[in-house]
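Got your viewer open? Let's take a short walk, one selection at a time.

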Amino acid sequence: MDLDIAPADEAFRAEARDWLAAHVPAVPLPSLETAEGFAAHREWERQLAADRWSVVSWPREHGGRDASLLRWLLFEEEYYAAGAPGRVGQNGIHLLAPTLFEHGTDEQRARVLGPMARGEAVWAQAWSEPESGSDLASLRSTAVRTDGGWLLNGQKTWSSRAAFADRAFGLFRSDPDAARPHQGLSYLMFPLDAPGVTVRPLGRLDGKPAFAELFLDDVFVPDADLIGAPGQGWRVAMSTAGNERGLTLRSPGRFTAAAGRLAALWHEMGGTAGTALGERVADALIGARAYQLFGYAQVSRLGAGGAVGAESSLTKVFWSELDLALHETALDLLGPYGALADGADEAPAHGSWADGYTFSLAGPIYAGTNEIQRDLIAERLLGLPKGRR
Amino acid sequence: MRFLPTAEQREFARTLDGMLGASGTPAVARAWAAGEQKPGRELWARLAATGLFALAVPERYGGSGLLPVELALSFVELGRHAVPGPPAETVAAAAFLERLGEAGAAEVWLPRIAAGEAVVSLCAGGPYALDADAADAVFVIEGGTVRRAEAHGRVQPSLDPTRRLARPLGGGVLAEGPAVTSAAAHAVEIARLVTAAQCLGLGRALLAATVSHVRQRTQFQVAIGSFQAVKHRLADTLIGLEFAQPLVYAAALAVAEGAPSAGREVAAAKVAAGEAGCAAARTALQLHGALGYTDEPDLSLWIRKARPLRDAWGTPADCRARVLAG
Ligand SMILES: Cc1cc2nc3c(=O)[nH]c(=O)nc-3n(C[C@H](O)[C@H](O)[C@H](O)COP(=O)(O)OP(=O)(O)OC[C@H]3O[C@@H](n4cnc5c(N)ncnc54)[C@H](O)[C@@H]3O)c2cc1C
């Protein structure tokens, strides 16, 4: 057992650090949940891609560096430590791309991945429906066979950044007579500006307008945009869900960097150990370190031939609760300044905590609520009997 | 980087687990609590035969070198089986004597510790020594001095009856000065590390026992393990333990390397493992209902240990302060 980083991996880390030091914008970009911020972040994705930093773990032919998972973790640590912008391309990069690597065709990979890596095509996830949140398999939007493709109908909702994104991927019921709700679903990609698609922006809790609902009215999708076999959508999608909850979307670097900033804030404000707030700061540091080390262990297990399975539910609950606790502690530390949102011109540096706090509130809800994750942990990892769900 | 126990490390832990499983540790612990030491000394000898105590003693004194990673993995198993006695204190005392640089005491005690012939307790900071009545030697570190106690006060009733607490009394000063202080800091780090590991093992045992209980206990015509309130509590217990484990491993590695971050890493591991073990005990008690509150079933041995172990060798508050100090 060791935690030693090989010199070649350290060199990779150093290269990333140097690049980030030279390129991370000095002034934070506006929120990527706004039209202006979305455009600025798209430009940032392009810059990352130009030097092959947007998708380091992908094969070179698709714009990556063939980096190992460990290098990816190191890159992410550097990325967040440098205070680099949030990733507007994350839904595509972390959710659709792994699905295409596993279930897509060569043609789909060649066509979709390059523009995704360069931020030219930003993807939205169209899974949830007004009546289908936790019980996603009950979804009602349909895909009906037509000449050379499919016709999509129905309504999707709470689609992150779909108000400004270019394309979407989602699940549709293609066989209404299938024996179980999980069967007879198909996984399809479609442009958000296709005829028949109406995008209606929804404000989020923080008022930012990038959330959206989608209305689909006889939207044509060619066969080439079906991922996996017809009727196999659930299986295909669930391999993506593991990514969303597990390693990729919520990389440890995000939390180690945030906990480091929290500790710095606490020291700056003259905090004393032994106080309730001090203990919470310590717990944030401990939690972030635990999550980082869990990531190293996970990478080691994968390297030894393991697979990410139900343990992605462990990480989901852990990071979302850590994120929330960490930001709540920051707001408590800031006292009256904790109430200032980003954009306030007094104490501007503090606004980013409020922004992070509002975002952290969503963590226990999206990517499968924490209640559902706890069920999965109990049933799949502890072997408890299935109850009514 | 390969942040996973090696095949040999896993095998060693498995051997220990198998041996302890076959040793009837609950009965040993109950005897120990009653002041009857023979079964405990026999178990001690069996532990020594696996090479456990040699892991805390350098080769020149008949050990296999101070191996913090192997020690931590072993103490997870000791915690899993609720092994009574002062094994944590003994390995910490070994680390102390070795680091002190006083050949005398080291020559006397280290070979005996490695061979499992000596049960040694160590008292640093607190008023009580663990198992002073059973130990062959009790070292007391206080304000830059170390002495070997000559006697002990009355054994005080304790929250965990298998942890026998008494004041160490008397004894002349063996050494003093900065060497004592630095050796003591090292010993506390070792004690804290292996206690954290014990908390982790204890929590694992409590979780496993509780999972098996809720699968077979039925109420309202179904297994209580199918109720969501029950499931979620167990899921949280697993999360606590799963994320404490890498902290314990990393702390052991940091100690092994003498890394400057070792003190902080060990403190972080102790907070996480101590709290996870305690939470596992509360969950176990709650989900076993009144059965959990009953002394007779052996589960009570584990439940009673959780809180004192969480506070031994650094309360969560002490350890959190250490983490903040950087
Ligand atoms: C910020 C944000 C971004 C999102 N982005 C996207 C996106 O890009 N694409 C997309 O498709 N979706 C997205 N979502 C939607 C998200 O996937 C759903 O919110 C989620 O699946 C939960 O569904 P729901 O909101 O309908 O809650 P519901 O399923 O109605 O649940 C409401 C409450 O009841 C609880 N509950 C429900 N069933 C059970 C049960 N069996 N046991 C115990 N408790 C239960 C839930 O845990 C929750 O607390 C996003 C959501 C948020 C908040």
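A quick term before you click: buried means under 20% relative accessible area, exposed over 50% and partly exposed in between (1.4 Å probe, protein chains only). You're looking at a predicted model, where local features need pLDDT of at least 70, side-chain atom pairs count only at pLDDT 80 or more, and totals for chains, interfaces and linings use all residues. Residues are numbered from 1 along each chain as its sequence is written, chains are lettered from A and ligands numbered from 1 in the order in which they are written, and side-chain values use heavy atoms, with hydrogens and water left out.

**Stop 1: a strand in chain A.** Select residues 167–173 of chain A, which is strand β4; strands are DSSP runs of E, at least two residues, and helices are runs of H or I, at least four, numbered from the N terminus. R167(A), F169(A), L171(A) and R173(A) point one way, A168(A), G170(A) and F172(A) point the other, and all are buried.

**Stop 2: its partners.** Add β1(A), residues 123–126, which pairs with β4(A) in the parallel sense over four bridges; pairing takes at least two DSSP bridges between two strands. Now add β5(A), residues 185–191: seven bridges join this strand to β4(A), and the two run antiparallel. Which residue of β5(A) is the bridge partner of G170(A)? That's L188(A). On the β1(A) side, G170(A) partners A126(A).

**Stop 3: chain B.** Show W32(B), G40(B), L43(B), W44(B), L47(B), V83(B) and P84(B), which line the second largest cavity (on a 1 Å grid over the protein atoms alone, points where a 1.4 Å probe fits but cannot get out; lining residues have an atom within 4 Å of a point). Helix α3(B), residues 38–49, gives the largest share of that lining, four residues.

Notes: 1 Å grid on protein atoms, 1.4 Å probe; cavity = no way out; pocket = protein on both sides within 12 Å on 5 of 7 lines; lining within 4 Å.
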